[in-house]
Amino acid sequence: MLSIQRLAVQLSSWSAVQNTVCLLSSTATAIPLRPKKEKSFRNQAVSLIDYRRIQAQGGNGGDGCISLLSLWSNEYAGPDGGDGGSGGHVVLHASTDVRDLAHIPAVIRADNGEPGLNKNRFGKNAKHTVVKVPIGTVIKNEEGKVVGDMELNDTLFVAARGGAGGHGNAYFRTDVNQTPQVAEFGAAGESILYFIEMRSMADIGLIGFPNAGKSTLLQAISRAKPKVAPYPFTTLRPYVGIVQYSDHTQLAVADLPGLVIDSHKNKGLGIGFLRHAERCSLLAMVLDLSEPEPWNQLHALRNELRHFSPELSERPQLIIANKIDLPSAQENYQLLTKEINTEIMPISGKTGENLTNLLYRFKSLHSEYLEQKDKNNDFSE
């Protein structure tokens, strides 16, 4: 009797699995998943650092040694000063172990080589200082010229070479000068200024004016904890959250600092904000429906992007009408649909209204972007 009941339970569970598989196969896009892990209770929000100014300092070479060998009953044994060791290099290593540039110090110094010793003992070479950077990091010199592109995993870039060790007096011994009293100083290591920046920060960047609700939206769709407050410019650095889907893919969504008019003239956060937007594959324009004439926000956002970079303004965009739950928002949304003849996603980051459809749209737009990118790569080849 128990075996029959167990068989019936197995058959019912198998039918439920089949129905679930049919439902998943019938959907056009992957299903967004809710995070299984709870958010951290830490009050400190962790921002993403995607731009650094660093000074790479190679290690100095060790000095050569001046020494004359002293042996019993042989006062002319000759010079025995050893060479100094070479200084270490500063090396940048592209790796999947890091996701941003927050761990990189402003000054990266390599160790110096050890000096030479008597009895022909050479100084020890210093170890190289290796700093990991995310894959896709771009390295620029002081003039702004790209000198390194860390596009592939395990790519190495020698940022500063260490100095060579100096020769000891044993090196200068000749038939004419049997007891040289001269040695070399170790060479100084290179000191070079670099600007390193991440080429790709997130798949989707949330762009909007201050207090448009970008941070609240990112909190609602991911485990990220950006700062949320009722005053402008609460977000001074980008925050990135991860959205997971049922096909085991993930999308990185970035909450970018608020944009102001004339940002391309370096007002407000200025060029720094626009650089953040440049490192996102897709742009989501977040409009505040509580403000009158919200279409003016969209025109101003697009104008700033166009003045900064025409290529950036041509990237795929999605218009998000936020704060649809407020009383005046419904009327502003109707006016917005009449003024703008394109797709608009009305949502509420605070109440969670229509967020599931928004995540579906994020996934479909990103898939279309990847397909178009593959076609362009095939055409260029």
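Which residue forms a salt bridge with Lys 323, and how far apart are the closest N and O atoms? The partner is Asp 288, and the closest N and O atoms are 3.3 Å apart. A salt bridge here is a side-chain nitrogen of Lys or Arg within 4 Å of a carboxyl oxygen of Asp or Glu.

This is a predicted model, in which local features need pLDDT of at least 70 and side-chain atom pairs count only at pLDDT 80 or more, while totals for chains, interfaces and linings use all residues. Residues are numbered from 1 along each chain as its sequence is written, and side-chain values use heavy atoms, with hydrogens and water left out.

## Salt bridges

Back to the opening pair. Lys 323 sits in the loop between β14 (317-322) and α6 (329-339). Asp 288 belongs to strand β13 (residues 280-288). The two are 35 residues apart, so the pair links distant parts of the chain. The element names follow DSSP runs: helices are H or I with at least four residues, strands are E with at least two, and both are numbered from the N terminus.

Searching the whole structure gives six salt bridges. Among them are the three in this table.

| Pair | Closest N and O atoms |
|---|---|
| Lys 323 and Asp 288 | 3.3 Å |
| Lys 140 and Glu 197 | 3.3 Å |
| Asp 97 and Lys 132 | 2.7 Å |

Why can such pairs form? Side chains of opposite charge can pair when their charged atoms come close.

Take Lys 140 and Glu 197. Lys 140 lies in strand β6 and Glu 197 in strand β9 (residues 191-198), so their salt bridge ties together parts that are 57 residues apart in sequence. Asp 97 and Lys 132 also link distant parts of the chain, 35 residues apart. Asp 97 is in the loop between β3 (90-95) and β4. Lys 132 is in strand β5 (residues 129-134).

How open to the outside are these residues? Three words cover it: buried means under 20% relative accessible area, exposed means over 50%, and partly exposed is in between (1.4 Å probe, protein chains only). Asp 97 is exposed, because its relative accessibility is 56%. Lys 132 is partly exposed at 33%. Lys 140 is partly exposed at 23%, whereas Glu 197 is buried at 14%. Lys 323 is partly exposed at 22%, and Asp 288 is buried at 6%.

## A five-stranded sheet

Strands β6 and β9 also appear in a sheet. This open sheet has five strands in the order β4-β2-β9-β6-β7, with mixed pairing. Two strands pair if DSSP finds at least two bridges between them. The edge strands are β4 (107-109) and β7 (146-150), and each pairs on one side only. Neighbouring strands of the sheet are turned by 25° against each other on average, direction ignored. For such angles, axes are lines fitted to C-alpha atoms, for helices over the stretch in contact, and the angles run from 0 to 180 degrees between N-to-C directions.

Look at one pairing. Strand β6 (residues 137-140) and β7 run antiparallel, with four bridges. Lys 140, the salt-bridge partner of Glu 197, stands opposite Val 146 in β7.

## The loop after β7

Glu 151 is in the loop between β7 and β8. Glu 151 is partly exposed, at 48% relative accessibility. Its C-alpha is 9.1 Å from that of Pro 134, and the two are 17 residues apart in sequence. Asp 154 lies in the loop between β7 and β8 (156-160). Its phi is near 65°, a positive value in a residue other than glycine.

Glu 293 offers another positive phi, near 55°. Glu 293 is in the loop between β13 and α4, and is partly exposed at 43%.

## The nonpolar core

In soluble globular proteins, nonpolar side chains tend to be buried together. A nonpolar core is a set of buried Ala, Val, Leu, Ile, Met, Phe, Trp, Tyr and Cys residues joined through side-chain atoms within 4.5 Å. The largest one here has 50 residues. Leu 92, Ile 104, Ile 207 and Leu 336 have the most contacts inside it. Helix α4 (residues 295-308) gives the most to this core, with five residues. The core draws at least three residues from each of domain 1 (51-198) and domain 2 (204-379). These bounds come from an automatic or database domain assignment.

## Cysteines

How many disulfides are there? A disulfide is a pair of cysteine sulfur atoms within 2.5 Å, and the count is zero. Cys 65 is buried at 14%, and Cys 280 is buried at 1%.
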